[in-house]
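Please work through the exercises below with the model open beside you, and try each task before reading its solution.

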Amino acid sequence: KEVNADYLSETQYAEFYFEMAYSHFTSKKFREAKKMFAKIINTYNQYYFDANYYYGILSFFDKDYEQALSSFQRIEKNKRYDKYMPYYITLIYYYQSQYDDLLAYAAPKAKVSGLKNQKEINHIVGQTYFNRKQFQEALPYLEFYVEKSKKVRKEDVFQLGFTQYQI
């Protein structure tokens, strides 16, 4: 049966579009899912955080970084998502070459224990400082990454060694 969303209450509207969007998402119909999530991401309701998460993820993988960043920033303080969002936000700043924003945002986050992908956040921050030839600032982040990684690339070991040499 078709549903005319115009006759739904605000709560029913949000539930209808979230359930439809999630159904499309799990069926790997990502374009349809994104359109439906977009209908409810700006209205605060019981699906607000989850809808913004899925919309942000879909936007991220579409390389629509502005939309992804907007959604992730809306939910980054939510307890369900606060451990995951710093990594995605850091990556977006990196992909957009917004290095000042990246350092302002990610350098403090890199020190927060319990974050998902904390090692990778440290790596990105360390590399950003390294590329700016700010070796003193790069050192703790590069050390953290190398110490916590089971396997590192020779480029990472070189960056750490070069940074130590410069200092």
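The exercises that follow concern a predicted model, and each task is followed by a worked solution.

**Exercise 1. Overall form**

Determine how many helices and strands the protein chain has, and decide whether the chain is more spread out or less spread out than a compact globule.

Solution. Begin with the secondary structure: the protein chain contains 9 helices and 0 strands, and its pattern along the sequence reads α-α-α-α-α-α-α-α-α. Next, compare the radius of gyration, which is 20 Å, with the 15 Å that the globule rule gives for 167 residues; the value lies well over the rule, so the protein chain is more spread out than a compact globule. As a further step, take the span of the C-alpha trace along its principal axes, which is about 70 × 25 × 25 Å. Finally, turn to burial and contacts: 44% of the 167 residues count as buried, and among contacts with a separation of 6 or more, 47% are accounted for by residues 24 or more positions apart.

**Exercise 2. The buried residues of helix 4**

List the buried residues of helix 4 (residues 65-75), and explain why they are on the same side of the helix.

Solution. The buried residues of helix 4 are Y65, A68, L69, S71, F72 and I75. Because they cover an arc of only 170° around the axis, they are placed on the same side of helix 4. The spacing can be set beside a general property: an α-helix has 3.6 residues a turn, so residues three or four places apart point the same way. To complete the picture, find the packing partners of these buried residues, which are helix 3 (48-61) and helix 5 (85-95).

**Exercise 3. Two loop residues with positive phi**

Locate K28 and S97, and classify each by its accessibility.

Solution. As background, most residues other than glycine have a negative phi. K28, which lies in the loop between helix 1 (10-26) and helix 2 (30-38), has a positive phi near 65°, and with a relative accessible area of 64% K28 is exposed. S97 belongs to the loop between helix 5 and helix 6 (99-109); its phi is also positive, at about 55°, but with a relative accessible area of 45% S97 is partly exposed.

**Exercise 4. Surroundings of Q159**

Decide whether Q159 is buried or exposed, and name its contacts beyond four places in sequence.

Solution. Q159 is located in helix 9 (residues 154-166). Its relative accessibility is 10%, and since buried means under 20%, Q159 counts as buried. With neighbours within four places in sequence left aside, Q159 is in contact with Q127, F130 and L142.

Technical notes: Residues are numbered from 1 along each chain as its sequence is written. This is a predicted model: local features need pLDDT of at least 70, side-chain atom pairs count only at pLDDT 80 or more; totals for chains, interfaces and linings use all residues. Side-chain values use heavy atoms; hydrogens and water are left out. Buried means under 20% relative accessible area, exposed over 50%, partly exposed in between (1.4 Å probe, protein chains only). Helices (H or I, at least four residues) and strands (E, at least two) are DSSP runs, numbered from the N terminus. The arc is that of the directions from the helix axis to the C-beta atoms. Contact means heavy atoms within 4.5 Å. The radius of gyration is taken over C-alpha atoms; the globule rule is 2.2 Å times the number of residues to the power 0.38.
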